[in-house]
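Reader: Can you walk me through this one? I have a few short questions.
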Amino acid sequence: MSPPTHIQNGAHNGPDRAAENIHAPSTTNHYAPRPSDLLSRVDNFSIIESTLREGEQFANAFFDTATKIKIAKALDEFGVEYIELTSPAASEQSRADIEAITKLGLKAKILSHIRCHMDDARIAVETGVDGLDVVIGTSSFLREFSHGKDMTYITKQAIEVVEFIKSKGLEVRFSSEDSFRSDLVDLLNIYRAVDKIGVNRVGIADTVGCANPRQVYELVRTLRGVVSCDIECHFHNDTGCGIANAYAALEAGATHIDTSVLGIGERNGITPLGGFCARMYVANKDYIMSKYKLHKLRDLENIVAEAVQIQVPFNNYITGYCAFTHKAGIHAKAILNNPSTYEILKPEDFGMTRYVSIGHRLTGWNAVKNRVQQLDLMLTDEDVKAVTAEIKQLADIRPLNIDEVDTLLRKFHEDKNGVRSSAFEGIDDDVEEARC
């Protein structure tokens, strides 16, 4: 449920506009890349959007062809550079869906995610994709309990598959799986091997979500000194570090980040597209706004949420019900004077609006005054303080919705001015009912 749409943007309806100049924030961005991060790609990266690959592994996901096309078009309109699709080797319908999407003429490059196996590669190169993302497990867990191959075999297989894909003129990425539980020497050796034969990207995957930002930074920084190709990173969110790890990877020199809409994917999913954009907006607002149509994020998330039969979480980055909702009286006063006091993101840049909640015991008279002004009622500050006290008294019994608050404000205004409009007949009963 969204906040009432008739609540106006506090940035334009605050009681004291002069305060904005007095309290204008510094133009210095303290969250921008540090000068010491010479390899940082915080302001030069690409998104590989994996809703139609990783997202298909979400528990509720079933995307028919029409839904896949709808999501692919929405991702393309948003501006992602790459759209990753499920392997055509997974099923005949998966292959048909890839071919349908590659014929749409989208601006984004279309990728397919395949196992490091020649059979998969031979099928995938015939689907019309722009590139293939190749993956194989390299940790001791996966080598023993998944495919059963040693590093010598894996390296030989990787070289064969990468060379084959390159011979077809396609872009190719080689990624280890479970990278952060793999031996570092094994990782660097295989990455170096595929880099030498011209792979476009190597990939690091935190497959079980065990890595923290420091570990990510150190591994990416080390890898950056070993390979000359691009570096892609894929972070699962089992322990809540998906966004932070993506940012740390870019600081260390990674070039591509995998995301999915609402973070959907295997188990708890991966770095969410919206949350990642929020983080990067803070780092370099102009860059992120020039690359992506941020105002299309809400519609994109609603499409995916409907497709997988979930609700957008109340605390979702940017688009959640509470993302730009302010409640505490002290917060509300500051927000009305200068929204930057309690917002690092500007809701209007994402096609959103802020909402100041006033029908509760924590409300303050400044927030109520703002609503009085929106309703064009003639009340003094003392009047507003008096009606605020009444709101708080009633809200000690139960929260009031915006219509009930407006009723109280209009009644107070009518009583003070001694004019009773027929439109307010029965208003006393409404107020009394609110007390019950």
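Author: What follows is a run of questions and answers on this chain.

Reader: Is this predicted or experimental, and what is the average pLDDT of the chain?
Author: The model is predicted. The chain averages a pLDDT of 88, and 88% of the residues score at least 70.

Reader: What is the pLDDT over residues 1–23?
Author: Below 50. Beyond near neighbours in sequence, residues 1–23 have 46 contacts in the model.

Reader: And residues 421–428, how many contacts there?
Author: Eight beyond four places in sequence, and the pLDDT stays under 50 over that stretch as well.

Reader: How many helices and strands?
Author: The chain has 18 helices and 10 strands.

Reader: What share of the residues is buried?
Author: 51% of the 436 residues count as buried. The exposed surface of the chain comes to about 20000 Å², with carbon and sulfur atoms supplying 49% of it.

Reader: What part of the contacts is between residues 24 or more positions apart?
Author: 73%, counting the contacts in the chain with a separation of 6 or more.

Reader: On to the core. Which residues touch the most other members of the largest one?
Author: I83, I165, F174 and L273, in a nonpolar core of 92 residues. Helix 11, residues 273–283, gives the largest share of this core, with eight residues. Apart from that core lies another of 20 residues, among them A332, V368, L400 and V405.

Reader: What does F174 touch?
Author: Leaving out residues up to four places away in sequence, its contacts include C116, V134, I136, A158 and V162. Further along the chain, F174 also touches I190, Y191, V194 and V199, among others. R201 is another of the residues in contact with F174.

Reader: C116 is on that list. Buried or exposed?
Author: C116 has a relative accessible area of 6%, so this cysteine counts as buried. C277 is buried too, at 1%.

Reader: How many disulfides are there?
Author: Zero, from a search of the whole structure. That means no pair of cysteine sulfur atoms lies within 2.5 Å.

Reader: Aromatics next. How many pairs?
Author: Four aromatic pairs. F45 and Y287 make an edge-to-face pair, 5.5 Å centre to centre with 70° between the planes.

Reader: Where do F45 and Y287 sit?
Author: F45 is in the loop between helix 2 (18–22) and strand 1 (46–49), while Y287 is in helix 12, residues 285–291. The pair therefore ties together parts that are 242 residues apart in sequence. Both F45 and Y287 are buried, and they form one aromatic cluster with F276.

Reader: What about F78 and Y292, what sort of pair is that?
Author: Stacked, at 5.7 Å centre to centre and 10° between the planes. F78 lies in helix 3 (residues 65–78) and Y292 in the loop between helix 12 and helix 13 (297–307), so this pair joins parts 214 residues apart in sequence.

Reader: Buried or exposed, those two?
Author: F78 is buried at 0% relative accessibility, and Y292 is buried at 2%.

Reader: Switching to serines. Where is S260?
Author: S260 is in the loop between strand 8 (256–259) and helix 11.

Reader: A loop serine, then. Buried or exposed?
Author: Buried, because its relative accessibility is 0% and the cut-off is under 20%. Outside its neighbours within four places in sequence, S260 contacts E49, S50 and T51, and also I270, T271, P272 and L273. L273 is one of the residues that touch the most other members of the largest core.

Reader: And S228, buried or exposed?
Author: S228 is exposed, with a relative accessible area of 66%. This serine is in the loop between helix 9 (213–224) and strand 7 (230–235). S228 and R201 are 27 residues apart in sequence and 9.1 Å apart in space, C-alpha to C-alpha.

Reader: Last one. Which residues does M151 contact?
Author: T138, R143, D186 and I190, leaving aside neighbours within four places in sequence. M151 is found in helix 7, residues 151–167, and counts as buried at 12% relative accessibility. M151 and L187 are 36 residues apart in sequence and 9.4 Å apart in space, C-alpha to C-alpha.

Definitions and conventions. Residues are numbered from 1 along each chain as its sequence is written. This is a predicted model: local features need pLDDT of at least 70, side-chain atom pairs count only at pLDDT 80 or more; totals for chains, interfaces and linings use all residues. Side-chain values use heavy atoms; hydrogens and water are left out. Buried means under 20% relative accessible area, exposed over 50%, partly exposed in between (1.4 Å probe, protein chains only). A nonpolar core is a set of buried Ala, Val, Leu, Ile, Met, Phe, Trp, Tyr and Cys residues joined through side-chain atoms within 4.5 Å. Helices (H or I, at least four residues) and strands (E, at least two) are DSSP runs, numbered from the N terminus. Contact means heavy atoms within 4.5 Å. Accessible areas come from the Shrake-Rupley method with a 1.4 Å probe; for residues, only the protein chains shown count as cover. pLDDT is the predictor's confidence in each residue, from 0 to 100. Rings of Phe, Tyr and Trp (its six-membered ring) pair if their centres lie within 6.5 Å; planes under 30 degrees apart count as stacked, over 60 as edge-to-face and the rest as tilted.
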